[in-house]
Amino acid sequence: LVLCIGIIFANLLLMFGLLLPSALDHYQMEIQNNMLAKYQYMLSVPVSVMGGSNKLEGMLDEMGYERTQEETEADFIIYNTCCVRENAELKVYGKLGWLKHYKKENPDAVVALCGCMMQQDTVLETIRQKYRHVDLVFGTFNLYKLPELMKTREESGCTVFDIWQENQEVVEDLPSIRHFPYKASVNIMFGCNNFCSYCIVPYVR
């Protein structure tokens, strides 16, 4: 009886999107056949949003990927972007220019972009027109769907754009990689609704 109740409860959570998509389990099985799969991660965001970045790394770790500092070794390259500082945006575009040549030599490598830069229509249009070698694009509100989006990209073979204009739900208890033993990033709020005249945050987070 307890087992049946547990299964029903888990199915209800999946129905309402409160658990990680099953794509995570799928990739755990897939990576068992390729233990050499590696990812390269570039953080182009302020320290205040490193919590989300740690969760992205945590999901990749759960999926069997090993982090590498060398871009030339990576099977999956993900950039978490920021639109608060112009220098951070220019750095991303510079990296994408280099990756165009890398993709020609390594066509099976997957390039993903996420973060608040992706919430801007002008940036999305630039990516569609100038950086067609990018495989996966998603924003700030659906980071937890990374495994599902990777699965969609694998099955379709096409660039996947998945941008939400608002936060539909908050998913907690995602796997997280912590790089320091005595400190961690903790969310105390999601976005902002003050709409100060000088600030872009309410429009992208």
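User: What do buried, exposed and partly exposed mean, and which of them fits cysteine 196?

Analyst: Buried means under 20% relative accessible area, exposed means over 50%, and partly exposed is in between, using a 1.4 Å probe and protein chains only. This is a predicted model, where local features need pLDDT of at least 70, side-chain atom pairs count only at pLDDT 80 or more, and totals for chains, interfaces and linings use all residues. Residues are numbered from 1 along each chain as its sequence is written, and side-chain values use heavy atoms, leaving out hydrogens and water. With 32% relative accessibility, cysteine 196 is partly exposed.

User: Thanks! Is cysteine 116 buried or exposed?

Analyst: Let's look at its relative accessible area, which is 4%. Under 20% counts as buried, so cysteine 116 is buried.

User: How many disulfides does a search of the whole structure find?

Analyst: A disulfide is a covalent bond between the sulfur atoms of two cysteines. Here the test is a pair of cysteine sulfur atoms within 2.5 Å. Searching the whole structure gives a count of zero.

User: Where is aspartate 135, and is it buried or exposed?

Analyst: Aspartate 135 sits in the loop between helix H5 (121-130) and strand S5 (136-138); helices (H or I, at least four residues) and strands (E, at least two) are DSSP runs numbered from the N terminus. Its relative accessibility is 5%, so aspartate 135 counts as buried.

User: Which residue's side chain joins that of aspartate 135 in a polar contact of 2.9 Å?

Analyst: A polar contact is a pair of N or O atoms within 3.5 Å; within protein, one must be able to donate a hydrogen and the other to accept it, and residues adjacent in sequence count only if both atoms are side-chain atoms. The aspartate 135 side chain also reaches the backbone nitrogen of valine 111 at 2.8 Å. The side-chain partner at 2.9 Å is lysine 103.
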